[in-house]
There are 2 protein chains.
Amino acid sequence: MTAKPDQSQTTQARTVLSIDAMGGDRGPLPIVLGMAASAEKNPNLHFIVHGPKDDLDRLVAARTVLRGRCEVRHCDEAVSMTDKPSQIMRNGKSTSMWSALECVRNGQAEVCVSCGNTGALMALSMIRLRKLPGVNRPAIAVLWPSRSKTGFNVMLDVGADIRADCKDLLQYALMGVSYARNGLKISLPKVGLLNVGTEDHKGRSELHEAHELIAQYEQSGDYKFVGFVEGSDIPGNKADVIVTDGFTGNVALKTGEGTAQLIGELLRQAFQYSPLSRLAQLLAVSSLQRLRKRIDPRRVNGGVFLGLNGTVVKSHGTADETGVSAAIKLAVTLANSQFSQKIAARVASVNTLTHDEENATSEAE
Amino acid sequence: MTAKPDQSQTTQARTVLSIDAMGGDRGPLPIVLGMAASAEKNPNLHFIVHGPKDDLDRLVAARTVLRGRCEVRHCDEAVSMTDKPSQIMRNGKSTSMWSALECVRNGQAEVCVSCGNTGALMALSMIRLRKLPGVNRPAIAVLWPSRSKTGFNVMLDVGADIRADCKDLLQYALMGVSYARNGLKISLPKVGLLNVGTEDHKGRSELHEAHELIAQYEQSGDYKFVGFVEGSDIPGNKADVIVTDGFTGNVALKTGEGTAQLIGELLRQAFQYSPLSRLAQLLAVSSLQRLRKRIDPRRVNGGVFLGLNGTVVKSHGTADETGVSAAIKLAVTLANSQFSQKIAARVASVNTLTHDEENATSEAE
């Protein structure tokens, strides 16, 4: 893949993001508020925002920081959380999601950000942006709060596809490494393959094949393979990139989020217990805020779709201003590192090798 | 399965547990301390404890509460955490783990408790206690801290077997219901099937088959089926029993534990930040202890092996006195509710039906 001319010209001067204003649970307001918050911090940031023109014009006009930096593209329809991906693929042309992706497809924007229906967004991304040459299954990667130096690990796939064979898992490793390098600035990412134990004999057969394959490409892929890791290593510092299939990854992600949420609730309850504990909470408020800031899912808001001709950031459907702004910040980091081109080059470099092997195998069969 | 005569006679008067004193990471001391702590609280409790006689005699003699209530059975060897299950199945006859299971097999004790190697314990339990008639794959169930009224949900399988077909998942549902009823005293347990979304079309095909099967046996199995649940529902109040295969369950369990541990560390760090936050911690100490008590994994220590002729409680390898005592408490609850006989009856009742169906199917094929 070669960089589009107008894209490389603009990277230095300004970053253009394509924003789907509809499809989130809270409507367009938090989206525009998040855009404004990000625009305050980054003067190079420009937006193309997609949704009902009248509403958006009004919301945008009320934020002076967005003046001259935000183009509104009218769309009649929005994808809802209950729409089936297949319906949207057939009849979704007038939705804000489709329009937002189109700007990345034609090079007008560098990254697309949407709070909408994940399944529909992935399905549309696949047909409009198309998969990178050599990628069989695109993946969704998230940043997971961890004990690592950067404070985060990359985990993928968290739900683009419930299946993954050993070659898909190798590609996830390569794409995850590229994400860790460009998104978290880790020069030699450590890759771990998620399993039920760290011993070589444990787990499903496709994991053993993937173990061999990921070990084999360690040098050419420029990463360190630490072998099998367990669920407890996802928030740990043993691996920077945790590779798994989309079924297991999705369950793990939601289990982690659910656990963190329950602990948060219990912590609040514990502090409401007695007058003394309420006083303690007052004194502890800055400590607790520090903790909250560290693990607040809104501050690491955004799954990134990897393996496509273009970058898409999926924000939580329930994201508020802070959450949307975090997703935009991630999109800017990826746009500025020319992530899309780099990941394409990385997958292509190994793809030549695996493709040769595939031919050899199919001839042997 | 009929209750063994000497067992039914003793249930009222005394509860006898068989304790593997070896194989934990901290040696026999925390085991004996945990036994003593439980014996203090429950005068009906008796033990048969397995391990090196000289050491155990000395440790037991030092606790007056254990006097006359603890029989030591000498064993030369112990299963280590790195031993492979297959080795132990062939050569493990003189281990404390084997000896501890033997007491449940021959009816001398009602429940076996071990801190040892999970894989070896499951393998030995399968060959010595044997699977219940109609059970294809035994499962390991854990109590997961949750928003439910009881404070816990039952989740299984968390790692007995990495595979599970739709019939296995039905049996997990039945066994989990029996555990929720006897271990948590929930009269009509709600059962959820773990998936990547709650919509009917999501997830793998075996999950759709299992969904049908578990719905079909709702009435005869005496539970309420709530359909698909997600990772975030594991600590929730939507389902009391969460059913999944041992691969997914193991990853989810370790992810939850890892997340809770990370938050605990960050909370401690947050309170160490400044003199004011350290003062806040002093005031908040009882609130934090209340929280810790609620989610302390040591207080819900013990996976239960389900689907065998006899009950086995697997305690954490790193369990201390509190952890061992919690595992013993769970073992006592299960022994007193005659769990082993009840679960056998439950599996058998549905087994007749599925078996009939299986015959019908195989004839049709």
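In this predicted model, buried residues account for 54% of the 365 residues in chain A. The chain is built from 13 helices and eleven strands, and its radius of gyration is 21 Å, close to the 21 Å that the globule rule gives for 365 residues, so chain A is as compact as a globular protein of that length. Measured out along its principal axes, the C-alpha trace of chain A spans about 65 × 60 × 40 Å. Of the contacts in chain A between residues at least 6 apart in sequence, 72% join residues at least 24 apart.

The buried interior can be followed through its nonpolar cores. The largest of these has 211 residues, and those with the most contacts inside it are Met35, Leu156 and Ala331 of chain A together with Met35, Leu156 and Ala331 of chain B. Apart from this core lies another, of 20 residues, which includes Ile263(A), Leu267(A), Ala270(B) and Ala280(B). Returning to Leu156(A), and leaving aside residues up to four places away in sequence, one finds that Leu156(A) touches, among others, Ala139(A), Ile140(A), Tyr172(A), Met175(A), Val243(A) and Leu306(A).

A pair of helices shows packing at another level. Two packed helices are described by the angle between their axes and the distance between the axes. In chain A, the axes of helix α5 (residues 96–105) and helix α6 (residues 118–128) come within 10 Å and cross at roughly 40 degrees, and the crossing is right-handed. On the α5(A) side the contact involves Met97(A), Trp98(A), Leu101(A), Glu102(A) and Arg105(A), which meet Ala120(A), Leu121(A), Leu124(A), Ser125(A) and Arg128(A) in α6(A). The residues of this contact divide into six nonpolar, one polar and three charged.

Definitions and conventions. Residues are numbered from 1 along each chain as its sequence is written. Chains are lettered from A and ligands numbered from 1 in the order in which they are written. This is a predicted model: local features need pLDDT of at least 70, side-chain atom pairs count only at pLDDT 80 or more; totals for chains, interfaces and linings use all residues. Helices (H or I, at least four residues) and strands (E, at least two) are DSSP runs, numbered from the N terminus. The radius of gyration is taken over C-alpha atoms; the globule rule is 2.2 Å times the number of residues to the power 0.38. A residue is buried if 20 or more other C-beta atoms lie within 10 Å of its own, exposed if 12 or fewer, and partly exposed in between; C-beta atoms are placed from the backbone. Two residues are in contact if their C-beta atoms, placed from the backbone, lie within 7 Å. A nonpolar core is a set of buried Ala, Val, Leu, Ile, Met, Phe, Trp, Tyr and Cys residues joined through C-beta atoms within 7 Å. Axes are lines fitted to C-alpha atoms, for helices over the stretch in contact, and angles run from 0 to 180 degrees between N-to-C directions. A crossing is left-handed if the near helix is turned anticlockwise from the far one by less than a right angle, and right-handed if clockwise. Ala, Val, Leu, Ile, Met, Phe, Trp, Tyr, Cys and Pro count as nonpolar, Asp, Glu, Lys and Arg as charged, and the others, Gly among them, as polar.
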